[in-house]
Amino acid sequence: MRSLRFLACFALVMALFAGPAGAQPKPAATPIMIGAILSITGPYAPLGEPERNAIQIAVADVNASGGINGHPLQVQILDDESKADTASQLATQLVGQKVAVIIGGSISPTSEAIARVANDAKTLHIFLTPTITVWNTKNGIRKYTFEATPHNELEVTKLFTFMKGTLKTEKLAVLHDDQLYGTQGSQVAAAEAKAQNVAIVDDEQYAVAATDVTPQLQKARASGADSILIYTAAPSAGILVRQVRQFGIKAHLIGTTGIVSDNFLTVTGKDGSGVYADMDLDRTYPNATQKKLLNAYRAAYHAGANNFASFAWDAIHLAAYALRTTKSTDGDKLSAALETMKPYAGTTGTYKMTPADHNGFNAADIRIVIDHNGVWETLPHQ
């Protein structure tokens, strides 16, 4: 019965995209195959699940608009179980199947693993995490890898500007997990703190799967921090916030985009109220492009789309743009199409990629949100 209900909802979404009869040519001929590698299970499932959902409706949207020059777009979605080695194996599998594009991963280690395989094979790769070093490596720019999310440096600039200007932060404690996103984020935060003259009085790392961060919180409280920055994309963020409240720590709580999920709201309950974070998809004051995603996601899944869904939706449309523009599946041509593209207004922000910038965002694309009674709301006048 659940499968029948899902198919009925998905058919409704397809009908919404299709519009009036004859309004768009129906894709015909040979399908163009792409692949997606996501963390649908494992500790990062709260990221991978909405990404999978968004990819499915984004492909439907592309095909309702004529597909890729009359060819239907088809996607094979694979689960890396939140494991980098599995992601690498799946990327090798997709390359062997000669897919035109690989989307993923959901987290930095899986994105890095996929990037290595995709670039060796000269296959276009669009990943869904804010770690800039996946494409901008110490050995130079990876030609075939592009980033669908604002990178860490932009995110941190936005957060620090808000903390200093609005929250009047003077003493900051940084709590981050031991994964690539958290450790690199801590380093980016330290550099931005120096640039904006904010004192980091404590920096604490904890295991990503931790269920108790008491030692770290004791040090954060003793530091006298007036604000705490939480740098993680793991479900542990909710546990951390609850323990901050239990400790009675009187400090502003600010999270990165990695915490902005319905899972966080469920885990924290009323303890999450008043937590700030940054978000790209504006669910409070959406523009027309964002409304299209929000409406389609709601119709298909009876839930609200979040940042992770937005990244995946945009990744599919970026891939479709490159495929349509080049009328080719050649990795060199697809990469060049994205590097020379005109500004594209997606649901996450406006992409303007170049050969030197495989991200193309600026800090103005990022919004500050607050957990207001269990709902992520965009602060006005940004």
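**Close-up views of a predicted model**

**View 1. Leucine 217 and its surroundings.** Leucine 217 has a relative accessible area of 0% and is therefore buried (under 20% relative accessible area, with over 50% counted as exposed and values in between as partly exposed, for a 1.4 Å probe and protein chains only). This is a predicted model, in which local features need pLDDT of at least 70 and side-chain atom pairs count only at pLDDT 80 or more, whereas totals for chains, interfaces and linings use all residues. Residues are numbered from 1 along each chain as its sequence is written, and side-chain values use heavy atoms, with hydrogens and water left out. Leucine 217 belongs to helix α7, residues 214-222 (helices are DSSP runs of H or I, at least four residues, numbered from the N terminus). Setting aside residues up to four places away in sequence, leucine 217 touches Leu175, Leu240, Gln243, Val244, Phe247 and Ile249 (contact means heavy atoms within 4.5 Å).

**View 2. Helix α2 and the glycine after it.** The 20 residues of helix α2, 45-64, reach 29 Å from the first C-alpha to the last, close to the 28 Å expected at 1.5 Å a residue (1.5 Å times one less than the number of residues). Because 16 of its 20 residues are buried, α2 is largely enclosed by the rest of the structure. Just after α2, glycine 66 adopts a positive phi of about 100°.

**View 3. An aromatic cluster.** Tyr344, Tyr351 and Phe361 together form one aromatic cluster, and the structure holds seven aromatic pairs (rings of Phe, Tyr and Trp, the last by its six-membered ring, pair if their centres lie within 6.5 Å).

Terms used. Helices (H or I, at least four residues) and strands (E, at least two) are DSSP runs, numbered from the N terminus. Rings of Phe, Tyr and Trp (its six-membered ring) pair if their centres lie within 6.5 Å; planes under 30 degrees apart count as stacked, over 60 as edge-to-face and the rest as tilted.
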